[in-house]
Amino acid sequence: MKLKDPNPLDVLGFRRVTLCPPHFATVDIHRKYNIDRAICDWIEDNLSGRYFFGNSIGFDEMKNLNQYNRIGFEQEKELSFFMLACPHLKYN
C-alpha cells in the first residue's frame with residue numbers, strides 16, 4: 001500500500017470483490033501459467049478501482065472445454081488500460 005496517497009478501498013479491504021457483479025466490464029484470459037498473484041499485484045499497483053479476479057470455465061474456438069481467468073473492472077477505462085499496459089498478458 002502506498003503511504004503517500006492511500007486508497008480508501010485498500011484500507012478497508014473492499015478493493016477486490018469475491019463475486020463479479022453484472023455491471024463489471026470483464027475479460028477472460030487463458031490460464032496457461034501460474035501468474036495469478038502477479039496479475040493481481042499489477043492491478044493493485046497501477047489501478048485504483050474495484051476489480052474481480054477469479055476462475056471461469058468456457059469453450060474455445062474448437063469447442064473444447066477450458067479453464068480461464070476472468071478479470072473484471074468496475075470502470076471500463078481500467079479494463080482498457082489493463083489490456084494495453086499489463087506486461088503479464090504477453091504470456092497468454
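Buried means under 20% relative accessible area, exposed means over 50%, and partly exposed is anything in between (1.4 Å probe, protein chains only). Asp-36, for instance, is buried at 17%.

Some ground rules before the exercises. This is a predicted model, in which local features need pLDDT of at least 70 and side-chain atom pairs count only at pLDDT 80 or more, while totals for chains, interfaces and linings use all residues. Residues are numbered from 1 along each chain as its sequence is written, and side-chain values use heavy atoms, with hydrogens and water left out.

**Exercise 1. Work out the fold pattern of the protein chain.**

Step 1: take the elements from DSSP runs, where helices are H or I runs of at least four residues, strands are E runs of at least two, and numbering starts at the N terminus. That gives 3 helices and 4 strands.

Step 2: read along the sequence, and you get α-β-β-α-β-β-α.

Step 3: check how the chain comes together. A contact means heavy atoms within 4.5 Å. Among contacts with a separation of 6 or more, 63% are between residues 24 or more positions apart. Of the 92 residues, 37% count as buried.

**Exercise 2. Find which residues touch the most other members of the largest nonpolar core.**

Step 1: a nonpolar core is a set of buried Ala, Val, Leu, Ile, Met, Phe, Trp, Tyr and Cys residues joined through side-chain atoms within 4.5 Å. The largest one here has 17 residues.

Step 2: the ones touching the most other members are Ile-39, Ile-43, Ile-71, Phe-73 and Phe-82.

Step 3: now ask where the core comes from. Strands S2 (25-30), S3 (51-59) and S4 (65-73), plus helices H2 (36-46) and H3 (76-85), each supply at least two residues. H2 gives the largest share, with 4 residues.

Step 4: zoom in on Ile-71. Leaving out residues up to four places away in sequence, Ile-71 touches Ala-25, Thr-26, Val-27, Ile-29, Ile-39, Ile-43, Phe-52, Phe-53 and Phe-82.

**Exercise 3. Track down salt bridges and say how covered the partners are.**

Step 1: the criterion is a side-chain nitrogen of Lys or Arg within 4 Å of a carboxyl oxygen of Asp or Glu. Searching the whole structure turns up 5 of them.

Step 2: start with Arg-70 and Asp-28, whose closest N and O atoms are 2.8 Å apart. This pair ties together distant parts of the chain, with Arg-70 in S4 and Asp-28 in S2, 42 residues apart. Arg-70 is partly exposed at 29%, and so is Asp-28 at 35%.

Step 3: go back to Asp-36, which pairs with Arg-31 at 3.5 Å between the closest N and O atoms. Asp-36 is buried, whereas Arg-31 is partly exposed at 33%.

Step 4: finish with Glu-44 and Arg-37, where the closest N and O atoms are 3.8 Å apart. Glu-44 is partly exposed at 32%, and Arg-37 is partly exposed at 46%. Together with Asp-41, these two are linked in a network of salt bridges.

**Exercise 4. Look for a nonpolar patch on the surface.**

Step 1: patches use residues with over 30% relative accessible area and no salt bridge; like charges are joined within 9 Å, and nonpolar side chains (Val, Leu, Ile, Met, Phe, Trp, Tyr) within 5 Å. Areas come from the Shrake-Rupley method with a 1.4 Å probe, and for residues only the protein chains shown count as cover.

Step 2: Ile-57, Phe-59 and Leu-65 make one of about 380 Å². Phe-59 sits in S3 and is exposed at 60%.

Step 3: for the whole chain, the accessible surface is about 6400 Å², with 54% belonging to carbon and sulfur atoms.

**Exercise 5. Check the cysteines and the backbone at Lys-63.**

Step 1: a disulfide is a pair of cysteine sulfur atoms within 2.5 Å. The structure holds 0 of them. Cys-20 is partly exposed at 28%, whereas Cys-86 is buried at 6%.

Step 2: most residues other than glycine have a negative phi. Lys-63 has a positive one, near 65 degrees.

Step 3: place Lys-63 on the structure. Lys-63 lies in the loop between S3 and S4 and is exposed at 65%.
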